[in-house]
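Trainee: Could you take me closely through one part of this model, the place where the two chains meet, and then set it beside the sheets of one chain?

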There are 2 protein chains.
Amino acid sequence: MTHLHNNPADFVTEYLTGLQLAHPDLVVAKVQDPGPYVTRADHHDGEVALISGGGAGHEPLHAGFVGPGMLHGAVPGPIFTSPPPDPILAAIRAVDTGAGVVLIVKNYTGDVMNFEIAAELAAAEGITCHHVLIADDVAVADSTYTAGRRGVAGTMLVEKIAGAAAARGDDIHAVTQLATHAAQRVFSMGVATQAGSRPGGDETFHLPANAMEMGIGIHGEPGRAQLPIASADAQVEQLVDQIVCELPADANELLVFVNGMGATTSAELYLCYRAAHEQLSARGYTIERSLVGSYVTSLDMHGVQLSVMALDERLRDAWDAPCRTPAYTHVG
Amino acid sequence: MTHLHNNPADFVTEYLTGLQLAHPDLVVAKVQDPGPYVTRADHHDGEVALISGGGAGHEPLHAGFVGPGMLHGAVPGPIFTSPPPDPILAAIRAVDTGAGVVLIVKNYTGDVMNFEIAAELAAAEGITCHHVLIADDVAVADSTYTAGRRGVAGTMLVEKIAGAAAARGDDIHAVTQLATHAAQRVFSMGVATQAGSRPGGDETFHLPANAMEMGIGIHGEPGRAQLPIASADAQVEQLVDQIVCELPADANELLVFVNGMGATTSAELYLCYRAAHEQLSARGYTIERSLVGSYVTSLDMHGVQLSVMALDERLRDAWDAPCRTPAYTHVG
């Protein structure tokens, strides 16, 4: 259970306040009206700015990825609830330096709508906004909150790659093109053995003892099926089986990302990485890059998502570029 | 529950195999006899070598901290069980370059004994070994597995600081002296609202609903008291109250570390950091440095440990030095 909180209504703003206090060199948190939102603490004159956001409960996504080489701003809504247009617009105004703003949005109906409204309002003020939609979850075709596929763990990879393009000075068209290309080449699916819980509240869904939910979403919405818990290797195999069906025909060199859902331990994630690495290698793929950690979560859900990106030279170069954020630092 | 496993007997070696597969540039895992242990993948000729270890179940400690600027080797035992002398001796032989080896050992009876035996065997082969004991937990004077205070989250800070001293070329006396100095200036205490569970097994202890264990250890051993769950701010206040009593008289500039116990979310940890930062600032301390994350865990326990180090110039310089490991990367 999510037990460490004060008034649950203050959960998101107290989290953001702590993030700024711990990383004053990286992030500035605006928790008053029309916030909350987070921007970069450093200057980034002339750089295309990247903003992401969506309902809270998926930390460190997105505010934990604000910093040099990744995002310029993040707009968390209440838990599992899209932020309204006002704080998104305020964040757009705050980060734009004249080069335009790219909005990286997970494919949930509320997020898509509110980010579009904010972008239209910004356009009326002369700020160019582009959109990149993340819909990497291969588990389901549509869902409770989505027309089309959901955006899940692959979002982190797209934010890193787009951030590298912005940091090296690409213009808004090039940043948008590379981010879209990355989003089209990443495929994800997850499984959970225990639901997450809201601060001061109940489980977000119910799983019987010894059951796993295959194809989980990140808001407690249903996946594909409840099944008896299998071994870690067998769980990973189901994810790999589905994901490889989706990989493009030219896929060979892969970025493999094992993502924890919030309460999964580091040892479990590396144990699952071992299974994913061996199974994908056995199918003839080359694992060029990897990432293991809890980066896109669903409160304190216990489970794992596997994301696989089919790399090419442009994507690999952008992945390898340095970045420094509260949740992910890479030495290029 | 810790659900992601295959045969529980293979949990540690499968974790280590995944760690090497994900980070082949950083770590080499030896999982055959007399292993398991982990060493650095890079060369470190002439450098004093640092080894830590102890029972598994606290990941990413210690194997996740092997890499340039931190440890040279790590020796995990079975879960919550000290490694025997053989793999410790094998790791000492593997990492020594002639400059000697410093063993960083948490104060648990089994660990202290087995690392001492291994050091004596190494000395008989001409390898100089020094010991640094970590006993930072101010919750209890003695415990189930300890004569004297337990070693907990402060261990990570000492490993980072000692690693900086070794990387810059300090000799074994200087590395040992700085690590001991760091260990004497760090004080920790924790609280949990849910026990961890072994792979394929039960909870490591039982907490009734709506109860918290104040002063937890990291092996399910009892703390100070079971109390009704308090707000996050009130939980942190109890930790701060005890820790400030222990700080040395010259303490002013602090390194504040909020450590998750395994299943605690990033948002909860930053929310607790906010409380710790504000409460320590209100008592007149200056928060010079911070660290927030799940670095020293107890399987999938839900809770938080607060560690506070009283900095001085030498400790701050070593903390600020660059390092690159699977679990912690710092750009100096």
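Mentor: A polar contact, as the term is used here, is a pair of N or O atoms within 3.5 Å, where within protein one atom must be able to donate a hydrogen and the other to accept it. In this model, which is predicted, 14 residue pairs are in polar contact between chain B and chain A, both residues of each pair being at pLDDT 80 or more. On the side of chain B that touches chain A, at least two residues each come from α1 (11-22), β7 (186-194), α6 (232-246), α7 (266-282), β11 (286-293) and β12 (302-310) of chain B, and α7(B) gives the largest share, 10 residues. By character, that side of chain B consists of 21 nonpolar, 20 polar and eight charged residues.

Charged pairs also figure in the contact: the count of salt bridges between chain B and chain A is two, and one of them joins the side chains of Arg274(A) and Glu14(B), at 3.8 Å from N to O. As for extent, 49 residues of chain B and 49 residues of chain A take part in the contact, and the two chains bury about 4,100 Å² between them, with 66% of that area on carbon and sulfur atoms. Within chain B, the residues that lose the most area to chain A are His3(B), Leu4(B) and Tyr270(B), which together account for 19% of what that side buries.

Turning to the sheets of chain A, one is an open sheet of six strands with mixed pairing, in the order β9-β8-β7-β12-β10-β11. Its edge strands are β9 (225-228) and β11 (286-293) of chain A, each of which pairs on one side only, and the twist from one strand to the next averages 20°. At the β9 end, β8 (residues 211-214) of chain A and β9(A) pair in the antiparallel sense over four bridges, and Glu213(A) has Gln226(A) in β9(A) as its bridge partner.

Another open sheet of chain A has six strands in the order β1-β2-β4-β3-β5-β6, again with mixed pairing. Because β1 (27-30) and β6 (129-134) of chain A each have a single partner strand, one side of each is left without a neighbour in the sheet. Here β2 (residues 37-40) and β4 (residues 73-79) of chain A pair in the antiparallel sense over two bridges, and Val38(A) has Ala74(A) in β4(A) as its bridge partner. Helix α2 (residues 85-95) of chain A packs on this sheet, touching β2, β3 (49-56), β4, β5 (101-106) and β6 of chain A, and its direction makes about 10° with that of β2(A).

How values were computed:
Residues are numbered from 1 along each chain as its sequence is written. Chains are lettered from A and ligands numbered from 1 in the order in which they are written. This is a predicted model: local features need pLDDT of at least 70, side-chain atom pairs count only at pLDDT 80 or more; totals for chains, interfaces and linings use all residues. Side-chain values use heavy atoms; hydrogens and water are left out. Two strands pair if DSSP finds at least two bridges between them. Contact means heavy atoms within 4.5 Å. Axes are lines fitted to C-alpha atoms, for helices over the stretch in contact, and angles run from 0 to 180 degrees between N-to-C directions. Buried area is the accessible area (1.4 Å probe) that two parts lose on being put together, summed over both. A salt bridge is a side-chain nitrogen of Lys or Arg within 4 Å of a carboxyl oxygen of Asp or Glu. A polar contact is a pair of N or O atoms within 3.5 Å; within protein, one must be able to donate a hydrogen and the other to accept it, and residues adjacent in sequence count only if both atoms are side-chain atoms. Ala, Val, Leu, Ile, Met, Phe, Trp, Tyr, Cys and Pro count as nonpolar, Asp, Glu, Lys and Arg as charged, and the others, Gly among them, as polar.
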